[in-house]
Amino acid sequence: MVILGFLNLEYYTVVPTIACSKIELLGQLLHPRQLANSLVCCIMGVIVAWCCAITTGSRYDTLGSMCPQSDGDTSQMCLNEYHLILLLGGAFVGLSHSLLGVIHNMNYVSFNTVQQYKYLCVKGSLTTVVKCSATQALYSVRSFIIVYFFFGYIPKAWICKTLSLQLDNSVHPLDSIAGLFNLSLVYHLWISASFLLSTWHFTLLLFRIYVTEVYNFPVQSSFTEDVQQCLPKVLSEKQPVILKFMALQDLALLSQHSPSRRCEVFSLSQPGGHPHNWNAISGECLSLLTELNQRLVSYHDSVATNGRAKSLSTASERKTSSETSVTSGAEDPMSPRPTLLLKTPVSVFARTVTGTPKSPLTAPFTPDLDSPFTSPTLRRLTTPAEQCSPWSGTLQSPHVMRRGVKLWSTPTDPQVNGSPSSSPTSVPSPKLQPSKPSLLSQFLLNRREQVKGFLAKRVLIMYLFNKLPEASSQALFADSQAHIWALEGLSCLVQASFSEDQFGVVQTTLPSILSCMLTLQEAVDRHFKLPHASSKPVRSSSSMEDSTHKTLRFALRATLKTAIYRITTTFRDHLKVRPCR
């Protein structure tokens, strides 16, 4: 159990690794770290099976025995196949347990919603551990018998050659139908496998209970050496993932059930009078929610373009629309805004709006006007207009903002008065022409596309590389337990601040909190409109498998709606005074 505890401590995780395709799962199974784990599990299975064989005695006692035809000659030793098959059965059970642990994420540790005492948790799960161990042992023994029937002669021949043993021809070999239908042998294999798996599963259960135990972090401390252990410091600084999760769990619990600790969150620093505790906690929670929102937006963009780069027309239209909105807002605040921008999240245009005119990111989007495939319309749109033309300075070209030409001319402009412009921004920058690919690069690209098209027609290749239906959605929300606690902690603290916040420290960040939650709500609603995103996962047949990560996206959506409803019902009409920004 000490070795098992060390393995659990080394391989456990609170964010499961979800394979989005069969080839990714195969890569996880063949990882050197996983191969080392499988080897250790096989060795432990052989040791436990040897202990069971020694305890059983009789014909399972030793690996070698006296041959019946030896007539007392001790130099002739025969192989005891019953002892060998018991040892191989233990190794097979250890290997299958290690592989199933990767497939079913057995190293994933989830936090229980309802907290109980450790004794009650062990007592309630003991029956499940025994039942699961017996069932998994039965399936493992069935698979081992089939494998031994076809390949049992290989380890027998190797053991006999290595240890100079002979085969006993007076008994039926166990790699035959008559030998494997021995009910006593099958029963001993099942008992030893059940004992081995129950030991491992019970150790895993104890490890999960003790790791996920609730820990109360102090909100603030009067001693300098204890500041690093306080909740705001643990949340805001770089810490191990398990420590971050425990801090967020403590935040969610204190926001609901601890008024005295909530007062410490709302308190001001002395001297100075700054809400450092609230700023650190709310800032970390908002950064978590913003990161999830950006992840969802990026995933939606990749799904919309089917994983390919966006086309030139789409990028130009999006850039032109964003620049039109920015310029209109700066020049004429009373002009009506286009209604198309209201249907698109603001974060999609973040890179376009904040990009500088001289940003190198605009170079790849410059069209190749010398190409024979360029349409006359694109050439007319991208050709710079003359200064005396009535179309000069309008939005006919998507590169107006990049050249720095003013959209509206006034009588004070030098161009209208006829004098040359002295400002460097009025001089059009030289047009960046992308270099044409060479013949060798074109040949290599064509060959790569041909190879991809050829492999796409092979059934085995498509089976390995095709995306699993729900795996992408599950991987996107694999760490959503932290976001769930952040939403619960923020919303409950905001709700409690209505009557407990004496200094009004929460009111300064309330618009940002509501805006972040509403933006995340929009992104989550868009995600659930995708195929397989709203389908409920199938219940796992293995009861020891923790399938909590498969339903985290549903829990996040429910928690997000509850958090928004909790804040809006608490403040009601007061929200009109502080609009979201």
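Helices (H or I, at least four residues) and strands (E, at least two) are DSSP runs, numbered from the N terminus. The expected span of a helix is 1.5 Å times one less than its number of residues. The structure is a predicted model, in which local features need pLDDT of at least 70 and side-chain atom pairs count only at pLDDT 80 or more, while totals for chains, interfaces and linings use all residues. Residues are numbered from 1 along each chain as its sequence is written, and side-chain values use heavy atoms, with hydrogens and water left out.

**Exercise 1. Compare the length of helix H21 with its expected span, and state how enclosed H21 is.**

Step 1. H21 runs over residues 480-500, which is 21 residues.
Step 2. From first C-alpha to last, H21 reaches 29 Å, close to the expected 30 Å.
Step 3. Burial is judged by relative accessible area: buried is under 20%, exposed over 50%, and partly exposed in between (1.4 Å probe, protein chains only).
Step 4. Of the 21 residues of H21, 16 are buried, so the helix is largely enclosed by the rest of the structure.

**Exercise 2. Locate the salt bridge of Glu500 and describe both partners.**

Step 1. A salt bridge requires a side-chain nitrogen of Lys or Arg within 4 Å of a carboxyl oxygen of Asp or Glu.
Step 2. Glu500 pairs with Arg262, with 2.8 Å between the closest N and O atoms.
Step 3. Glu500 belongs to helix H21 and Arg262 to helix H11 (residues 259-266), so this pair links distant parts of the chain, 238 residues apart.
Step 4. Glu500 is partly exposed at 21% relative accessible area, whereas Arg262 is buried at 8%.

**Exercise 3. Find further salt bridges, and state which residues are linked in a network.**

Step 1. Searching the whole structure gives twelve salt bridges.
Step 2. One of them joins the side chains of Glu24 and Lys467, at 3.9 Å from N to O. This pair links distant parts of the chain, 443 residues apart: Glu24 is in helix H2 (residues 22-29), and Lys467 is in the loop between helix H19 (459-465) and helix H20 (471-476).
Step 3. Glu24 counts as partly exposed at 33% relative accessibility, and Lys467 counts as exposed at 56%.
Step 4. Glu81 and Lys156 also meet through their side chains, at 3.4 Å from N to O. Glu81 lies in helix H4 (residues 81-103) and Lys156 in helix H6, so the pair ties together parts 75 residues apart in sequence. Both residues are buried.
Step 5. Glu81, Lys156 and Asp175 are linked in a network of salt bridges.

**Exercise 4. Identify the residues of the nonpolar surface patch and the helices that supply them.**

Step 1. Patch residues have over 30% relative accessible area and no salt bridge; like charges are joined within 9 Å, and nonpolar side chains (Val, Leu, Ile, Met, Phe, Trp, Tyr) within 5 Å. Accessible areas come from the Shrake-Rupley method with a 1.4 Å probe, and for residues only the protein chains shown count as cover.
Step 2. The patch consists of Ile146, Val147, Phe149, Phe150, Phe151, Tyr153, Ile154, Ile177 and Phe181, together giving about 950 Å² of accessible area.
Step 3. Helices H5 (118-151) and H6 (153-163) each supply at least two residues, and H5 gives the most, with five.
Step 4. Ile154 sits in H6 and counts as partly exposed at 44% relative accessibility.

**Exercise 5. Examine the annotated transmembrane regions for helix content.**

Step 1. The unreviewed UniProt entry annotates residues 35-56, 82-103, 145-165 and 185-207 as "transmembrane region". UniProt positions are given in the numbering used here, feature names are shortened, and annotations may be inferred rather than shown by experiment.
Step 2. Residues 35-56 are 100% helix and 0% strand, with end C-alpha atoms 31 Å apart.
Step 3. Residues 145-165 are 86% helix and 0% strand, with end C-alpha atoms 23 Å apart.

**Exercise 6. State how many disulfides the structure has, and check Cys52 and Cys516.**

Step 1. A disulfide is a pair of cysteine sulfur atoms within 2.5 Å.
Step 2. The search of the whole structure finds zero disulfides.
Step 3. For Cys52, the closest cysteine sulfur is that of Cys51, at 6.9 Å, too far for a bond. For Cys516, the closest is that of Cys285, at 9.9 Å, again too far.
Step 4. Cys52 counts as buried at 15% relative accessibility, and Cys516 counts as buried at 13%.
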